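Trainee: Hi, could you go through this one with me? I'd like to ask things as they come up.
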2 protein chains.
Amino acid sequence: MKAVLEYLKTNQSRFVDELCELLRFPSVSAQPQHTPDLHACADWLVEHCRRIGLSAELCPTPGHPIMLARTPRRAGARPHFLVYGHYDVQPPEPFDLWNSPPFEPTIRGRHLIARGAADNKGQHFAHLKAVEAYLKTGTDLPCDLTFLLEGEEETGSASLTPFLRARRRELRYDAVVISDTGMPAKNLPALTYALRGCASLEVTLRGPSRDLHSGSFGGSVENPAMALCQLLAKMRDAKGRVTIPGFYEDVVAITPLERKQLRRLPGSEEGCRRFLGVPALYGEKGFTSTERTTARPTFEINGLTSGYQGEGGKTIIPAWARAKITMRLVADQQPERIMKATIAWLKQLCPRTVRLEISADHGAPPYLVEPTGAHVQAALRSLRAAFRHEPVLIREGGSIPIVSDFKRILGVDSLLLGLALPDDNAHSPNEKFDLDCFAGGQRMSALLWQELVKAE
Amino acid sequence: MKAVLEYLKTNQSRFVDELCELLRFPSVSAQPQHTPDLHACADWLVEHCRRIGLSAELCPTPGHPIMLARTPRRAGARPHFLVYGHYDVQPPEPFDLWNSPPFEPTIRGRHLIARGAADNKGQHFAHLKAVEAYLKTGTDLPCDLTFLLEGEEETGSASLTPFLRARRRELRYDAVVISDTGMPAKNLPALTYALRGCASLEVTLRGPSRDLHSGSFGGSVENPAMALCQLLAKMRDAKGRVTIPGFYEDVVAITPLERKQLRRLPGSEEGCRRFLGVPALYGEKGFTSTERTTARPTFEINGLTSGYQGEGGKTIIPAWARAKITMRLVADQQPERIMKATIAWLKQLCPRTVRLEISADHGAPPYLVEPTGAHVQAALRSLRAAFRHEPVLIREGGSIPIVSDFKRILGVDSLLLGLALPDDNAHSPNEKFDLDCFAGGQRMSALLWQELVKAE
């Protein structure tokens, strides 16, 4: 391992040059005119992987190609891990807010500034450099590794799910490693061990067969907008809890260990309030903001539509009223079960003076890797050694669909070892990647394979 | 009076021909291309009034002219009544739903079919024919009469208010007579003695400074759409009553006489339910539908707007949520007082996790003429004699702004003696006026002046 770490140390400047090469491809998946750039970027990656000693191939898809690259085959069964990343980037617009051109990588201090620097080229490139260090120093890799780099992450990974399904017998791994999330600070390396799931529905209440004159008929029929307000109002109680029967039944309680970890995160409630621009924070009683946004489920109205919405007034009783709703779910809530309970509750609460229509989608399950599990502990050890700081276990409030896909289709857990800092401007102008995170990520990756194999 | 009634009887056929002439003018005030038709129609009315013995003049306004026509001046002070009407009509579109062209009056049985037949040309023309009968038979009119026919009623009577204000010293009447409402059935002549008023407001709740990702932030801030639902839900209790403190304080209770009158109206609750297309009727406990829509105040949501309203979903916490609201008021609720109480109640109920913004308009007061008053009783006698059926006292759920204007500016009450039947299709294709209502209206008008003067 000493040789590997020494190799990483001495080659940093070249690594940065190579990453800059990768960042020069304007691989914007959302913009059709950049399709050739995505292909050129994928070709460059194949070439680069081959140069460092991997066998690489491009797999065509209806969209942009998926690159698969493997470490050299060895006799005998060994643990096999997948590193996932994506070479496509967000659109760079608006250009005028960039201090340097988005596809002309610029270094200022420890910042490497370019579109895609943190999201995600810099992060998966760190893993490639770690494996290069093994291969170029002739150090024995204790496991097999496959890199899967896709080109459609920023547009929804449309080709990835069918790709995984079609090859699910061949793609068998002991874990997936993904560096596409964040760490709270340079001195707080992090493993994201939980993501929230999601269930969405649209509720429509229909009253009279057409908008009615509120003078002529007001008072004699239910107003669907009022019925919707009264119905939705009942979905949350005075303590900020969702009232759907059984809603919290499968929620895994936050352990003292987790609470302790979440409390290590920087930032204050007051800072959060100011950042969001609200007069006061609000949420389920008995939990901190961080707990509320990551470890507790929610019932959110995303949109309301009813009656007249233009300038001035219109004296009508609307014929219908509609709400778009998403619930964020946490382990072990199951979207199907929650959806069923939600629909039953809405039906029970809805007055018989209006007709209730519900359309629901399939939802996404929440994700949780046991923070005390062997793989997580191994990853924490590698983070600690690489960054020389005690790593923190974090949860994310959003969903990452690919993580669910890996679990659902390949039956494998993901280790989310994000290297992006909160101020890296992912998806925004002046995206950057910190070169210390880049180097730390390489060391973490190099150590990770040792630790993971020990944990097997 | 015998001569007057005889004159009316023998001249019906000519009256219908003359009304058809009036109906041929496409005096659509909403459509600028019809401005010449409105002027031609007004000219025709001046000419016609002069022919029957009135002194008539057109008063220019920034919009369409107002016609004033008076019975011949007599020495000495006599009661003076104003007959209000309007010669403009609703747009006829959609043309393809008319069985005969809207401006080619067609007679089928007792129906005279044309745009404006019931609303309002046929109705004010009945009053003109009654005064013609007095003047042409040399019968002594016991009072002075002025006809005020405007050309902008269907577009909001924009010129009428300033006209009344400017001439308020000159326009002094003992009562206004308006035939522009309806009667429930041919055998149920009616006097509308009450109208509801109105107060409108727009409520906006502002939360975060921008739409937030419901995954990253859901659970830690109030959702303005949910806050709005919970706020509005509290505005009405389980008995269907508005919860605003003091809301019912000034409401004049329905008297046994009124209840009895309202019960005489045709139509069943089930018929009403089917007509409105609702699964069940709904309203304040303890009142019938007719009472609820005419004699009780309401709190109606006219529109809801928040967050994402397009196809599919968007996982956001909306930055704001808005509701448009109108309250229908009944005597003696005062819009200003109700608005003040409403705003105070909203402020009291609104959680401090969102910012409350309210914009309110000035509102319109409710209207009530004492049904036991001398003028009303006089009008009922004339209805009874003219239609040979016991008239009914009715209330309307909507507002008629001109009635408030006459009260507010000229300080005079209006007697609403509508001649339109419920199936007259006012504002709809195939508008008609029943020739029996036309003739009955003439008789009623002829008798009315005698009865009103007796009641003075």
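Trainee: Let's start small: in strand 5 of chain A, which residue is the bridge partner of T106(A)?
Mentor: That's I113(A). Keep in mind that we're looking at a predicted model.
Trainee: And how many bridges join strand 4 of chain A to strand 5 of chain A?
Mentor: There are 3, and the two strands run antiparallel. They belong to an open antiparallel sheet of 3 strands in chain A, ordered 4-5-18. Strand 4 (106–108) and strand 18 (432–434) of chain A are its edge strands, each pairing on one side only. From one strand to the next, the twist averages 25 degrees.
Trainee: Which helix lies across strand 5 and strand 18 of chain A?
Mentor: Helix 4 of chain A does, at about 45 degrees to strand 18 of chain A. Helix 4 (117–137) also takes part in another packing: the buried residues of helix 1 of chain A pack against it and against helix 14 (435–455) of chain A.
Trainee: Which residues of helix 1 of chain A are buried?
Mentor: V4(A), Y7(A) and L8(A) are buried there. They span an arc of only 100 degrees around the axis, so they sit on the same side of helix 1 of chain A.
Trainee: Why would residues three or four places apart point the same way?
Mentor: Because an α-helix has 3.6 residues a turn. As for the face of helix 1 of chain A turned away from the buried side, it carries the exposed residues K2(A), E6(A), K9(A) and T10(A).
Trainee: New topic: what's the strand order in the open sheet with 8 strands?
Mentor: It goes 14(A)-9(A)-13(A)-11(A)-11(B)-13(B)-9(B)-14(B), with antiparallel pairing. Strand 14 (355–360) of chain A and strand 14 (355–360) of chain B are at the edges with a single partner strand each, so one side of each has no neighbour in the sheet.
Trainee: How many bridges join strand 9 of chain A to strand 14 of chain A?
Mentor: 6, again antiparallel. In that pairing, L201(A) stands opposite A360(A). Helix 7 (residues 224–233) of chain A packs on the sheet, touching strands of chain A and also strand 11 (298–307) of chain B.
Trainee: What rotation superposes chain B on chain A?
Mentor: One of 180 degrees, with 0.2 Å of shift along its axis and an RMSD of 0.3 Å. The two copies are therefore related as by a two-fold rotation axis.
Trainee: Which residue of chain B comes closest to the rotation axis?
Mentor: C229(B), with its C-alpha at 2.0 Å. And 99% of the interface residues of chain B are also interface residues in chain A, so the copies meet through the same surface.

How values were computed: Residues are numbered from 1 along each chain as its sequence is written. Chains are lettered from A and ligands numbered from 1 in the order in which they are written. This is a predicted model: local features need pLDDT of at least 70, side-chain atom pairs count only at pLDDT 80 or more; totals for chains, interfaces and linings use all residues. Two strands pair if DSSP finds at least two bridges between them. Helices (H or I, at least four residues) and strands (E, at least two) are DSSP runs, numbered from the N terminus. Two residues are in contact if their C-beta atoms, placed from the backbone, lie within 7 Å. Axes are lines fitted to C-alpha atoms, for helices over the stretch in contact, and angles run from 0 to 180 degrees between N-to-C directions. Copies are superposed by least squares on the C-alpha atoms of residues with pLDDT of at least 70 in both. A residue is buried if 20 or more other C-beta atoms lie within 10 Å of its own, exposed if 12 or fewer, and partly exposed in between; C-beta atoms are placed from the backbone. The arc is that of the directions from the helix axis to the C-beta atoms.
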